[in-house]
Amino acid sequence: MKETLNIKQKQYLEQPKERISGSEAIVRCLLAEGVDVLYGYPGGAIMPVYDELYKYQDKINHVLTRHEQGATHSAQGYARISGKVGVAMATSGPGATNLITGIADAQIDSTPIVCITGQVTSHLLGSDAFQETDIVGISTPVTKWNHQITKASEIPEVMAKAFYIAKSGRPGPVLVDITKDAQFEEFDFQYKKCEGIRSYNPVPKVDDFKLKEAADLINNAKKPMIVWGQGVILGKAEEELKAVIEKAGIPSAWTILGASAIPTSHPLNIGMVGMHGNYAPNVLTNECDVLIAIGMRFDDRVTGNLDKYAKQAKIIHFEIDPAEVDKNVKTDIAILGDSKESLSKLLPLLKANSHQEWLQNFKDLYAVEFEKVIKNDLHPTKESLTMGEVLHQINIQSKGKAAIVSDVGQHQMIACRYAEFNTSKSNITSGGLGTMGFALPAAIGAKMAAPEREVVAVIGDGGYQMTIQELGTIFQTKVPVKIVVLNNEFLGMVRQWQQLFFDKRYASTEMTNPDFVAIAKGYYVDAKRVTKREELASAVEEMMQSKDAYFLEVCIEKEDNVFPMVPSGASVSDIRLE
Amino acid sequence: MSKEIKQFTVSVYTENNIGLLNRISAIFQRRHINIESINSSASEIEGVTRWTILVNMTEEQMKKIIGQIEKQVEVIKAYYHTEEETIYQESCLFKIKSDLLFEERQIQNIIKESNARIVTVNKKFFVLEKSGRKNEIELLHRELSAFGIMQFVRSGRIAVTKDEMKITEMLAAFNK
């Protein structure tokens, strides 16, 4: 074994070397990693790299966002729809700190992105130089890995590690900070992709014995229930999951980031769990006898009160990250490993089954939810427009094919509850961090990564104004994203909480909004406003038919609430329908 | 699992990289946990750093934190042990006026009985070194305080475990 490594090393050392600058090396590393587009914003400490991007513009497309936060969210959108690593770039100081929100978002939602920041010249480090911030220090708690480069010769190895770490195992954000002198410095360049790091074991081995135990538990279960999360999508295990669900006949629910892994219309897809999830899977979480969690992390928005969460059930947890096992919910059997591998090994151990009677419980509770909530959301009889009926119209036009990029708040919950999907990687939203302003730039990245797909951003009037400047990016790049703003002139989710838990004291949640249509038109984006039901269907159709970017504002009921709802601190089975 | 707060010695084997201290200490800081002492040194394996961290918490919390530490890319392996499972020492230095050494006979007895070692003596001061368990050091500190201490410093805990930690095999497996 050691001999072959030496041969490999020898070959590597014998490769022709080229003497190039650090900044050119960075671009060459990006190309070697298959990067075709990156998002960023230039500035003093990163200018040498931008100079190289200028020379390489036929090979790599740099998209100038209007704010560095937009660059990270675009990189996230790109990564989430494609499964590839998204790349964002910024200068030192404020450029770098503006990346932090997107990095934190990518960390908590396990999104593979690599962020490259320029840094002041190395002899100025620590001197409070112009636009100097300790971005490695600042980004440490929100990155999977980060590193500062002060010598050009470090660039190939660090960049190779950055991409490897970002995408392997449980993915996450990596930040590489490069001093300006390292960008200018010339060195002998050669690139080798990273194939492993001795201190890092990204994919634990699947334990066959535990898998057998899990299969026995599932085979003997009377009321099994699956809750899957994004781990299925990140592990490309959608087909394996579907096979498991169908063979064992298990009613299966999803977390917000797991949405779209299995088509919405699948008969065993019983909807979303969590605070604003569906009634049946929340209530029946506390009635199932075996709960099978796959690639999800028992977030507090999913579990509600942990002391009253699935206490009656045996818990099986399929998980790639050992730190997630027993973190929130104590498991009976934990299967570490990649979801694709563990599910394909599980499948032959399962007995064919169908749990018709148990499944009927879900159908019965769905009927209750439909009567109390869904009917009024999707087919309202009141005069004002609802968020749900807008999603309903998008579904009619999309036929499950569009990717829906949602922001954060009431509209997000409505979008995730009602959007219909038949393709995986179609629900792009900020789940863990709840970052308002995510959707518009994320939609840009998603559309660029998957130009053949329809990408519809669904955004509230609050979040829209947090990154509204990215309309400039849309105008400049001509990226044909569809933007729907559901305008209730409120920070709706906060208002809903104020109504329910703060005696309707609407502190700073009412918004006096500008003319959104005029603003879109100011950026030369086609735009329309809808205020009446009879205009809605045709407006959504016009938007979806458009070959170009399109902005649609829908003025909706100001004080609608999102139900069902698990009040914070309550048990999932105490979910409220009104 | 017990909710009782206990003292744990955490041993972390890591690559020797800038910034790793920040990454590890942030894991404790984020959970509002005070680090009682922390020590970084070489380990039995060339090029591998060993951190010894002393903390108080429940075992349940400790397990989760070990998971978070091990999750860091440059951490090779992390372990936690109770006091009974380790052999541990701390070290301290006292700087004391030299006059006292000659004028106060009691000091000489204290030094003898405590097995402390005189590192240096000059006209102005002498320096006393003592290694041992925390309570031994605390006792010596109390006894010497009566005479006046010019400076006192104590190191973080260092500890080896009674059971083996299979770190060398792990690294060997990677290098194959």
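In the predicted model, helix 4 (residues 68-82) of chain A lies across strand 2, strand 3, strand 4 (86-90) and strand 5 (113-119) of chain A, and runs at about 170° to strand 4 of chain A. Helices (H or I, at least four residues) and strands (E, at least two) are DSSP runs numbered from the N terminus; axes are lines fitted to C-alpha atoms, for helices over the stretch in contact, and angles run from 0 to 180 degrees between N-to-C directions. Contact between two residues requires their C-beta atoms, placed from the backbone, to lie within 7 Å. Helix 8 (residues 155-167) of chain A also packs on the sheet, where it touches strand 5, strand 6 and strand 7 (173-179) of chain A, with its direction at about 165° to that of strand 7. As for conventions, residues are numbered from 1 along each chain as its sequence is written, while chains are lettered from A and ligands numbered from 1 in the order in which they are written. Because this is a predicted model, local features need pLDDT of at least 70 and side-chain atom pairs count only at pLDDT 80 or more, whereas totals for chains, interfaces and linings use all residues.

The sheet under these helices is open and parallel, with 6 strands of chain A in the order 3-2-4-5-7-6. Strand 3 (61-64) and strand 6 (145-149) of chain A are its edges; each has a single partner strand, so one side of each lacks a neighbour in the sheet. On average, neighbouring strands are turned by 20° against each other, direction ignored. Strand 2 (residues 37-40) of chain A pairs with strand 3 of chain A over 4 bridges in the parallel sense, pairing being assigned where DSSP finds at least two bridges. In this pair, A:Val37 stands opposite A:Asn61.

Chain B offers an antiparallel counterpart, an open sheet of 4 strands in the order 2-3-1-4. Here the edges are strand 2 (35-42) and strand 4 (75-82) of chain B, each with a single partner strand, so one side of each is left without a neighbour in the sheet. Strand 1 (residues 5-15) and strand 4 of chain B are joined by 7 bridges, and B:Phe8 has B:Thr82 as its bridge partner in strand 4. Helix 1 (residues 20-30) of chain B packs on the sheet against strand 1, strand 2 and strand 3 (48-58), its direction making about 155° with that of strand 2. Helix 2 (residues 59-71) of chain B lies across strand 1, strand 3 and strand 4, at about 165° to strand 4. The buried residues of helix 2 (buried: 20 or more other C-beta atoms within 10 Å of the residue's own; exposed: 12 or fewer; partly exposed: in between; C-beta atoms placed from the backbone) are B:Met62, B:Lys64, B:Ile65, B:Ile66 and B:Ile69.

Turning to the interior, the largest nonpolar core has 176 residues, and those with the most contacts inside it are A:Ala88, A:Val114, A:Val405, A:Ala457 and A:Val484. Such a core is a set of buried Ala, Val, Leu, Ile, Met, Phe, Trp, Tyr and Cys residues joined through C-beta atoms within 7 Å. Helix 19 (residues 439-449) of chain A gives the most to this core, with 8 residues. Apart from it lies another core of 20 residues, including B:Phe8, B:Val55, B:Met62 and B:Tyr80.
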